[in-house]
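Work through the exercises below with the sequence and the model side by side. Try each task before reading its solution.

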Amino acid sequence: MHNEILLLKAAELGLGSLVMGIRDGEKLREVLEIPESEIVVSVIAVGYPAEAPARPKRRAVEDIAKFF
């Protein structure tokens, strides 16, 4: 849940974010000097986006869901 709060706050501040998988947790721990007592659960890049990519057109709800 904490990741979502960080992502929402970043968006509120006009920042872009990207949640990435952990490729090499031990190397990450070494480079960032993360103590063994801490658990790394995700890697999130945060910064000002260089561009604003066009969003694809959203499909109508009726096209993807049925209501009975």
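**Exercise 1. Contacts of Arg 29**

Task: Find which residues Arg 29 touches, not counting residues up to four places away in sequence. Then decide whether Arg 29 is buried or exposed.

Solution. Keep in mind that this is a predicted model.

Step 1: List the partners. With residues up to four places away left out, Arg 29 touches Ile 34, Pro 35, Glu 36, Glu 38 and Val 40.

Step 2: Place the residue. Arg 29 sits in helix α2, which covers residues 25-31.

Step 3: Look at the polar atoms of the Arg 29 side chain. One lies 2.7 Å from the backbone oxygen of Pro 35. The backbone oxygen of Glu 38 is 3.2 Å from a polar atom of this side chain. The cut-off for a polar contact is 3.5 Å.

Step 4: Check the burial. The relative accessible area of Arg 29 is 13%. Buried means under 20%, so Arg 29 is buried.

**Exercise 2. Leu 28 in helix α2**

Task: Classify Leu 28 by its relative accessible area, and name its contacts beyond four places in sequence.

Solution.

Step 1: Locate it. Leu 28 belongs to helix α2.

Step 2: Apply the classes. Partly exposed runs between the 20% limit for buried and the 50% limit for exposed. Leu 28 has a relative accessible area of 21%, so it is partly exposed.

Step 3: Read off the contacts. Beyond its neighbours within four places, Leu 28 meets Ile 34, Val 40 and Val 43. Ile 34 and Val 40 are also among the residues that Arg 29 touches.

**Exercise 3. Sequence distance and space**

Task: For Tyr 48, compare the separation along the chain with the C-alpha distance to Leu 28 and to Gly 16.

Solution.

Step 1: Take Leu 28. Leu 28 and Tyr 48 are 20 residues apart along the chain, and their C-alpha atoms are separated by 23 Å.

Step 2: Take Gly 16. Tyr 48 and Gly 16 are 32 residues apart along the chain, with 5.7 Å between their C-alpha atoms.

Step 3: Add the contacts. Setting aside neighbours within four places, Tyr 48 is in contact with Leu 13, Gly 14 and Leu 15.

Step 4: Place Tyr 48. It is in the loop between β2 and α3 (61-64). At 69% relative accessibility, Tyr 48 is exposed.

**Exercise 4. An unusual backbone angle**

Task: Say what is notable about phi of Glu 33, and where Glu 33 lies.

Solution.

Step 1: Recall the background. Most residues other than glycine have a negative phi.

Step 2: Read the angle. Phi of Glu 33 is near 55°, a positive value in a residue other than glycine.

Step 3: Find the setting. Glu 33 lies in the loop between α2 and β2 (43-47). Its relative accessible area is 69%, so Glu 33 is exposed.

**Exercise 5. The chain as a whole**

Task: Describe the order of helices and strands, then judge whether the chain is spread out or compact.

Solution.

Step 1: Count the elements. The chain has 3 helices and 2 strands. Along the sequence they run α-β-α-β-α.

Step 2: Test the spread. The radius of gyration is 18 Å, well over the 11 Å from the globule rule for 68 residues, so the chain is more spread out than a compact globule.

Step 3: Give the dimensions. The C-alpha atoms fill a box of roughly 50 × 35 × 20 Å along the principal axes.

Step 4: Check the burial. Buried residues make up 4% of the 68 residues. The accessible surface is about 6600 Å², and carbon and sulfur atoms account for 59% of that surface.

Step 5: Count the charges. There are 9 positive and 11 negative side chains, and the centres of the two sets are 12 Å apart.

Conventions:
Residues are numbered from 1 along each chain as its sequence is written. This is a predicted model: local features need pLDDT of at least 70, side-chain atom pairs count only at pLDDT 80 or more; totals for chains, interfaces and linings use all residues. Side-chain values use heavy atoms; hydrogens and water are left out. Helices (H or I, at least four residues) and strands (E, at least two) are DSSP runs, numbered from the N terminus. The radius of gyration is taken over C-alpha atoms; the globule rule is 2.2 Å times the number of residues to the power 0.38. Buried means under 20% relative accessible area, exposed over 50%, partly exposed in between (1.4 Å probe, protein chains only). Accessible areas come from the Shrake-Rupley method with a 1.4 Å probe; for residues, only the protein chains shown count as cover. Lys and Arg count as positive and Asp and Glu as negative; His and the chain ends are not counted. The place of a charge is taken as NZ of Lys, CZ of Arg, CG of Asp or CD of Glu. A polar contact is a pair of N or O atoms within 3.5 Å; within protein, one must be able to donate a hydrogen and the other to accept it, and residues adjacent in sequence count only if both atoms are side-chain atoms. Contact means heavy atoms within 4.5 Å.
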